[in-house]
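Please open the model in your viewer and keep the sequence panel beside it. The stops below go from a single residue to a sheet and then to the helices that lie against it.

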Amino acid sequence: METVKIGVIGLGQRGDQIIRDILLKMKDVEIIGVCDYYEDRVQAAADTVEKVAAKRPLCTTKHKDILNMKALDAVYIATSWETHVEIAIEALNKGIPVALEVGGAYSIQRLWEMVHAQERTTTPLMMMENCCFGKTELLGTAFVRNGLLGEVVHCHGAYRHYLADEVARGKEIRHYRLRNYLTRNCENYPTHELGPIAKVLNINRGNQMLSLVSVASKAVGMEDYITLNAEKHSDLLGKKFRQGDIINTIITCADGSTISLKLDTTLPHCYSREFTIRGTRGAYEQDANLLILHTDEHGWDPMEFYQKNWNNAAKYEQDYLPDVWKNITPEDIELGHGGMDGIEFRVFIDALKNNTEMPIDVYDAAAWMSITALSTDSIAQGGAPQAIPDFTGGLWTVRKPKDVIELPIV
Ligand SMILES: NC(=O)c1ccc[n+]([C@@H]2O[C@H](COP(=O)([O-])OP(=O)(O)OC[C@H]3O[C@@H](n4cnc5c(N)ncnc54)[C@H](O)[C@@H]3O)[C@@H](O)[C@H]2O)c1
């Protein structure tokens, strides 16, 4: 396969960005079909493609039309959270390779159907968790692979992204977050932080997530934001939001390590994924890009150590950063989340063309997405533990660890 002919389903913020910034810039990718419920989004995406590729893709509001295209080599699913899994199952059943955008699952049963469809048809599926390709996530993972942090005991991550305005403008921008925040209370977006952590801990490859507990704070951030911006959002005044402002989830793994996740999207703060690895010999913290080793003479004055060593991990990049990040160009950095989207799509397209294993496969997708459905139950039961299914059916005990890209071993 010289050129990968791809169909894009879901042409909102993400689908549009990936078409413009990534897919149309890849010389070995052709967009042959575009689909969205909204006709105006379909036509706008087709115009974008036609302008660059000089060929108009198939335009449709029905995802089945894309999946029925004879020439299709792969489908990229960037629809609202509610429809990802359904479309992925249909595509897999037709033997169409899937690039699946991130999001949480509403039903464990549906995840099993997705896993079984993949196993039955052996069709490749990659979850497009771009944060697994983030520079500091890979640097931290390389520290672990090189033994700098000793035995990993605990990892932490967050989706801290103040989205009150996006949520409140849900009707205007035809976005799914508004309806979800009004009606659900869960860890609704776990994979940006969990994906890289699951890779560090070799989840589904020698390790497994066994159980979780989730607890929600009260939900007052959206209501306060709407009161403060009453003129702009008068239709939402007085509406009760169900989604707690802060959701804390703790996951216990088969090897005894723990993971804490925090969803934090409706209270003011700056963006962070808070990626943190704690091991017997050291720690890595993304926010300060700080590497703390047991050999450091930091005594017991953490603030002094922080201030002195802020960004000290940059010194280690020469040895520990993978080549894709060392060689990244300023133009690449301008595209898609500081460069990681481009790296991610290159990995997907190369794996497809070379018929090699997807580095974030259906078992990872199912396990990571399951956190949303399970957290809903845990929160509803006052933080009661929920078992996390083993979607590999026991294969996690024999599957070999695999990083999303090769990391340097020094
Ligand atoms: N990886 C990232 O950094 C990143 C960033 C943003 C969004 N996302 C993910 O991308 C997805 C889309 O997010 P968004 O912000 O673009 O949302 P959006 O609401 O702007 O766009 C989603 C689009 O999907 C369409 N859609 C839904 N179901 C459909 C169906 N069955 N058939 C055809 N069209 C359908 C909607 O009409 C809408 O236009 C989400 O899963 C989100 O989690 C990922």
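In which loop does Glu101 lie? In this predicted model, select Glu101 and you will find this residue in the loop between strand S5 (98-100) and helix H5 (108-121). Glu101 counts as buried, because its relative accessibility is 5% and the cut-off for buried is under 20%. Next, show the side chain of Arg14 as well, where a polar contact of 2.9 Å joins it to the side chain of Glu101. If you then display the surroundings, leaving aside residues up to four places away in sequence, Glu101 touches Arg14, Tyr76, Ile77, Ala78, His84, Met127 and Met128.

Now move to the sheet, which is open, has 8 strands with mixed pairing, and follows the order S13-S12-S11-S7-S10-S9-S8-S14. Strand S13 (290-293) and strand S14 (386-387) stand at its edges, and each has a single partner strand, so one side of each is left without a neighbour in the sheet.

Within the sheet, select strand S7 (residues 152-160) together with strand S11 (residues 276-279), which pair in the antiparallel sense over 4 bridges. To look at one residue pair there, pick Cys155, whose bridge partner in S11 is Ile277.

Finally, add the helices. Helix H11 (residues 302-309) lies across strand S12 (282-285) and S13, and runs at about 125° to S13. Helix H16 (residues 362-380) lies across strand S8 (209-216), strand S9 (246-253), strand S10 (258-264) and S14, running at about 50° to S8.

Key: Residues numbered from 1 in each chain as written. Predicted model: local features only at pLDDT ≥ 70, side-chain atom pairs only at ≥ 80, totals over all residues. Heavy atoms only, no water. Pairing = 2+ DSSP bridges. Helix = DSSP H or I, 4+ residues; strand = E, 2+ residues; numbered from the N terminus. Contact = heavy atoms within 4.5 Å. Axes fitted to C-alpha atoms, helices over the stretch in contact; angles between N-to-C directions. Buried < 20%, exposed > 50% of the residue type's maximum accessible area, 1.4 Å probe, protein only. Polar contact = N/O pair within 3.5 Å; in protein donor to acceptor, adjacent residues only side chain to side chain.
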